[in-house]
Amino acid sequence: MLITGAELADGRVRDVRIRDGTIETVASGLDPVAKERVIDARGRHLLPGGIDVHVHFREPGGSHKETWESGSQSAAAGGVTTVVDQPNTAPPTVDGDAFDEKAELAADASIVEYGINGGVSPEWDPESLFARPLFALGEVFLADSTGEMGIELDRFESALAVAAEHDVPVTVHAEDATRFDPDALDGASNGAGVTASAEPWSAYRTAEAEIAAVERALEAADRAGAQVHIAHTSTPEAVDLVADTDATCEVTPHHLFFSRENAERLGTFGRMNPPLRSEERRSALFERLRDGAIDIVATDHAPHTAAEKRQGLLDAPSGVPGVETCYPLLLESVRTGNLALETVRNAVATTPAEVFGLERKGRIEPGTDADLVLVDLTDPREIEAAALHSACGWTPFEGWQGVFPEVTILRGSVVYERDPVTGAASFGDVAGGNVRANGPR
Ligand SMILES: NC(=O)N[C@@H](CC(=O)O)C(=O)O
Ligand SMILES: [Zn+2]
Ligand SMILES: [Zn+2]
């Protein structure tokens with residue numbers, strides 16, 4: 001395949017030749033060879049496929065919310081070519097058998113590359129788990145969230161030690177439940193079918209609870225000599241704590257674009273852990289992304305059905321979908337001049353690949369996997385749930401603008417294409433693989 005005349009994130013205009021799933025040449029003036037598919041990319045940008053290190057595709061056990069098929073289609077349609085699935089499934093991915101069950105589902109249905117994380121719980125079996133090609137350990141929950149997998153500090157410290165021994169990174173859900181404010185939930189509307197404001201949820205799961213948990217997680221990781229990555233960091237204070245260490249952090253699109261000021265309108269669709277923060281913290285978080293102080297944007301794609309979310313605030317599950325709207329929302333911020341394109345490319349692809357050791361991914365260079373996204377930065381579209389592919393059928397970003405992929409390519413094959421005229425989506429006959437498939441770590 002030859003992609004001609006594409007602009008790269010650094011502004012160079014290049015032709016890119018792909019052979020056997022790998023980028024062979026990035027140069028100017030390449031001519032097509034016989035029978036080669038040519039994609040004329042003039043006027044468009046070619047970016048590395050997104051690497052979303054934090055998704056919940058819900059299988060096994062939660063396929064009414066999402067499946068590997070629907071979740072990976074949603075990823076491909078949003079320009080994401082590698083996802084990392086979290087362990088709070090049913091059964092939780094806390095032993096070798098549960099890993100194997102999930103790995104089989106992913107191998108059968110995922111149209112993007114995937115990593116499968118191992119989980120930590122009182123029942124976890126590190127021996128059988130670490131005998132599998134784990135992507136990472138985590139998210140390790142320091143407070144309960146969906147799936148009630150919260151663990152105590154001593155178990156966290158022993159998990160860090162095992163992970164360090166196996167040289168496996170650890171992703172941490174850092175909230176300290178002892179610093180939640182349960183009084184904030186008094187009187188929270190719990191009427192079924194009432195989309196109560198999410199505001200009490202933000203008052204309950206306080207910013208201080210995140211900051212304290214991040215501090216403790218960083219100290220424990222330092223003591224254990226483990227590589228730690230802080231999941232869905234929602235406060236600038238926590239980002240700054242991480243910046244002072246060799247740990248890494250991620251922020252989600254919902255914490256970059258929504259704040260407590262949206263809690264009323266979103267109702268229970270705005271309930272997630274950690275919760276929405278103040279507008280002041282949101283804008284400070286966005287500023288840190290703009291200034292390159294945030295390593296990674298990951299979505300914490302956490303679909304629940306609309307019916308599940310339409311319960312009262314105390315009963316609705318936490319979490320919002322995001323894998324299909326992440327790259328588009330960030331590219332819209334580039335189009336409107338709020339983010340640099342290289343910042344977005346780094347946060348969505350290059351840095352996740354570096355942090356998690358995916359040497360062949362995240363960059364458009366000879367010798368890397370041809371995981372690519374073609375976008376027209378002059379052509380934003382309205383985000384509509386009906387046009388998205390997650391099984392949950394809704395998005396908190398309904399009505400927002402996003403720059404969506406025209407073509408998504410996985411290891412040299414077209415995995416997703418949008419008809420330029422009708423906008424209809426088509427998915428290629430492509431199977432994603434386990435990015436740690438080189439056997440047990
Ligand atoms: N973020 C959420 O609010 N929910 C996530 C779990 C998690 O990431 O805590 C989920 O799996 O639903
Ligand atoms: Zn979490
Ligand atoms: Zn999560």
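## Exercises on a two-zinc site and its surroundings

The zinc ion (ligand 2) and the zinc ion (ligand 3) lie 3.6 Å apart, with Glu139 coordinating both. The model is predicted, so local features need pLDDT of at least 70 and side-chain atom pairs count only at pLDDT 80 or more, while totals for chains, interfaces and linings use all residues. Residues are numbered from 1 along each chain as its sequence is written, chains are lettered from A and ligands numbered from 1 in the order in which they are written, and side-chain values use heavy atoms, leaving out hydrogens and water.

**Exercise 1. Find the protein donors of the zinc ion (ligand 2) and place them in the fold.**

Step 1. Donors are N, O and S atoms within 2.8 Å of the metal (3.2 Å for Na, K and Ca); water is not among the atoms, so sites may look incomplete.

Step 2. Glu139 (OE), His173 (ND1) and His232 (NE2) qualify, at 1.9 to 2.1 Å from the zinc ion (ligand 2). Their spacing along the sequence reads E-x33-H-x58-H.

Step 3. Glu139 belongs to strand E9 (residues 137-141) and His173 to strand E10 (residues 170-173), so this pair ties together parts 34 residues apart in sequence. Helices (H or I, at least four residues) and strands (E, at least two) are DSSP runs, numbered from the N terminus.

Step 4. Glu139 is buried, with a relative accessible area of 2%, and His173 is buried at 0%. Buried means under 20% relative accessible area, exposed over 50%, and partly exposed in between (1.4 Å probe, protein chains only).

**Exercise 2. Do the same for the zinc ion (ligand 3).**

Step 1. The protein donors here are His54 (NE2), His56 (NE2), Glu139 (OE) and Asp300 (OD), 2.0 to 2.2 Å from the ion.

Step 2. Written as a pattern, these donor residues give H-x1-H-x82-E-x160-D.

Step 3. His54 sits in strand E6 (residues 50-55), and Asp300 in the loop between strand E13 (296-297) and helix H11 (306-309), so the two tie together parts 246 residues apart in sequence. Both His54 and Asp300 are buried.

**Exercise 3. Which residues have the most contacts inside the largest nonpolar core?**

Step 1. A nonpolar core is a set of buried Ala, Val, Leu, Ile, Met, Phe, Trp, Tyr and Cys residues joined through side-chain atoms within 4.5 Å.

Step 2. The largest such core has 93 residues, and Val83, Leu137, Ile230 and Leu330 have the most contacts inside it.

Step 3. Take Leu330: beyond neighbours within four places in sequence, its contacts (heavy atoms within 4.5 Å) include Leu256, Phe257 and Leu289.

Step 4. A second, separate core has 18 residues, among them Ile18 and Leu374.

**Exercise 4. Where is Thr368, and what does it touch?**

Step 1. Thr368 is found in the loop between helix H13 (341-355) and strand E14 (372-375).

Step 2. Its relative accessible area is 2%, so Thr368 is buried.

Step 3. Not counting residues up to four places away in sequence, Thr368 touches Gly21, Thr22, Ile23, Arg360 and Arg363.

**Exercise 5. Describe the protein chain as a whole.**

Step 1. Count the secondary structure: 13 helices and 19 strands.

Step 2. Along its principal axes, the C-alpha trace spans about 70 × 45 × 40 Å.

Step 3. Of the 441 residues in the protein chain, 62% are buried.
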